[in-house]
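These are my notebook entries on a single protein chain and its ligand. I set down what I looked up, topic by topic.

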Amino acid sequence: MPIDMEEMRRCSVAVDLGASRTRVYVKDTGIIVDEPSVAAVNIRTGALLAVGELAERMTGRTPDHIRVVRPVQGGTVVNVDLARRMLRHLIGSKLRRTWIRRPGMRFAACVPYDSEPLAQRALHETLTAVGARRVELADTLVCAAIGSGLPVEHPEAAMVVVCGAGTTQVAVLSLGSIVAAETVPVGGDAIDYAVIEHLRSRHELLLPHPAVRPLRMMLHSADPGPAVAEVHGRDVTTGLARTVTVDTESVRQAVGGPLTAVLDAIRTVLRRCPPDLVADLSERGLVLAGGGALLPGLDTMLSRTTGIPVHTAEAPDTCAVRGLGAMIEGKVESMRLDPLAG
Ligand SMILES: Nc1ncnc2c1ncn2[C@@H]1O[C@H](COP(=O)(O)OP(=O)(O)OP(=O)(O)O)[C@@H](O)[C@H]1O
């Protein structure tokens with residue numbers, strides 16, 4: 001997807017509408033929204049009851065007539081109306097609601113690398129309904145690479161792995177364009193579900209989703225030895241509360257399955273790259289971005305198995321929206337190669 005930097009500079013708002021979180025960057029201000037892409041709706045009246053953090057806290061705790069919904073799935077807006085209402089509330093709670101109705105307001109948004117035209121249209125419709133007069137789209141991979149400080153406009157290889165909630169996107173970029181890329185339907189959520197499934201099958205324990213967090217932290221330990229943690233859940237058979245002890249090694253094995261898919265995607269992209277670019281990468285390495293990059297030990301594991309250095313970007317979860325923000329602020333050189341005169 002070619003990016004016109006001149007058009008980008010005319011935008012005032014940059015939006016990353018992710019399956020897990022919604023992030024909004026406003027020109028000359030910075031990130032004003034970083035909240036879960038969640039809405040709580042009264043299904044009897046259709047009324048929107050809560051959005052963002054508050055709606056997420058309601059998950060699994062609502063009466064029958066209230067449903068907690070995610071209007072974005074796998075990077076695609078699946079419910080345009082709800083996404084519009086959610087986004088308007090998230091932005092409106094930070095800025096005066098009239099601000100987003102300013103005439104001529106332009107939005108920039110990032111889209112997954114291989115998104116379908118229909119998915120791009122749904123995003124376009126959502127942002128237009130929020131108040132955008134025009135919407136410029138950019139590849140999430142390019143945005144994340146810029147946001148993580150990679151020199152994407154240079155004639156040298158830059159590799160980025162964006163590990164989101166539902167997908168992981170991998171790309172090698174050079175001269176501002178994607179040379180080779182791959183997407184796998186595995187992200188941070190699949191890693192969490194692998195841990196939940198491990199506890200269900202091995203310990204017959206149903207684990208609430210937030211309880212996975214302390215188990216992820218166990219992966220910080222470089223030592224495969226005896227680190228253990230106690231987790232509380234519900235017994236699959238009796239339905240009663242129960243506590244089990246889990247060790248680091250079993251958590252590491254549980255997340256191994258989804259991580260193999262990420263590793264395969266990296267290998268596929270490297271295989272598709274010209275050898276000169278792969279040689280650049282063996283020195284420079286790859287950069288991990290996206291919320292999934294915060295998984296403890298992911299960088300070490302990928303570096304060990306691919307043989308190339310792996311660096312986790314600073315604030316990896318906000319790389320894409322910061323990259324898009326840099327474009328609308330005019331901080332990114334034009335990535336178009338104009339023909340030389342003569
Ligand atoms: N500290 C952490 N350790 C491990 N995983 C984490 C951590 N923090 C967030 N995640 C995971 O990161 C994922 C969210 O990443 P991100 O915010 O980049 O997704 P998104 O952009 O909303 O999703 P997508 O790109 O799939 O649309 C979630 O699956 C979450 O579980």
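Before the entries, I note one convention: helices are DSSP runs of type H or I with at least four residues, numbered from the N terminus. I also note that the model is predicted.

**Entry 1: domains**

I looked up the domain assignment, which gives domain 1 (5-143 + 323-328) and domain 2 (152-312) for the protein chain. I read a distance of 26 Å between the C-alpha centres of domain 1 and domain 2. To the contact between the two, domain 1 gives 14 residues and domain 2 gives 16 residues. I asked which element supplies the largest share of the side of domain 1 that touches domain 2. It is α5, with three residues. By class, I recorded five nonpolar, seven polar and two charged residues on that side of domain 1.

**Entry 2: the ligand shell**

I then turned to the surroundings of the ligand. How many residues surround the ligand? I found 20, and the closest are Gly18, Ser20, Gly164, Gly188 and Gly291. Helix α6 (residues 188-203) contributes three residues to the shell, and no element gives more. I noted that domain 1 (5-143 + 323-328) and domain 2 (152-312) each provide at least three residues of the shell. Sorted by class, the shell holds eleven polar, five charged and four nonpolar residues.

**Entry 3: the five-stranded sheet**

I traced an open sheet of five strands, in the order β3-β2-β1-β9-β10, with mixed pairing. Its edge strands are β3 (30-36) and β10 (134-139), each of which pairs on one side only. On average, and with direction ignored, neighbouring strands of this sheet are turned by 20° against each other.

I looked at one pair in detail: strand β2 (residues 21-26) and β3 are joined in the antiparallel sense by six bridges. Which residue of β3 is the bridge partner of Arg23? I found Asp34 in that position.

Next I checked which helices lie on this sheet. Helix α4 (residues 117-130) lies across β1 (13-17), β9 (106-111) and β10, and runs at about 150° to β9. Helix α5 also packs on the sheet, where it touches β9 and β10. I recorded an angle of about 75° between the direction of α5 and that of β10.

**Entry 4: the three-stranded sheet**

I found an open sheet of three strands in the order β5-β4-β6, and its pairing is antiparallel. The edges are formed by β5 (48-51) and β6 (66-69), each pairing on one side only. For neighbouring strands of this sheet, I noted an average turn of 20° against each other, direction ignored.

Strand β4 (residues 39-42) and β6 run antiparallel and are joined by four bridges. I looked up the residue opposite Val41, and in β6 this is Arg67. Helix α3 (residues 80-92) packs on the sheet and touches β4, β5 and β6. The direction of α3 makes about 60° with that of β5.

**Entry 5: α5 against α11**

Two packed helices are described by the angle between their axes and the distance between the axes. I therefore looked up both values for helix α5 (residues 140-147) and helix α11 (residues 319-328): the axes come within 6 Å and cross at roughly 85°. That angle makes α5 roughly perpendicular to α11.

Which residues make this contact? From α5, I listed Thr140, Cys143, Ala144, Ala145, Ile146 and Gly147. From α11, I listed Cys319, Ala320, Arg322, Gly323, Leu324, Ala326 and Met327. By class, the residues of the contact of α5 with α11 are nine nonpolar, three polar and one charged.

Technical notes: Residues numbered from 1 in each chain as written. Predicted model: local features only at pLDDT ≥ 70, side-chain atom pairs only at ≥ 80, totals over all residues. Axes fitted to C-alpha atoms, helices over the stretch in contact; angles between N-to-C directions. Helix = DSSP H or I, 4+ residues; strand = E, 2+ residues; numbered from the N terminus. Parallel < 35°, antiparallel > 145°, perpendicular 65-115°, else oblique. Contact = placed C-beta atoms within 7 Å. Nonpolar A, V, L, I, M, F, W, Y, C, P; charged D, E, K, R; others polar. Near = placed C-beta within 6 Å. Domains from an automatic or database assignment. Pairing = 2+ DSSP bridges.
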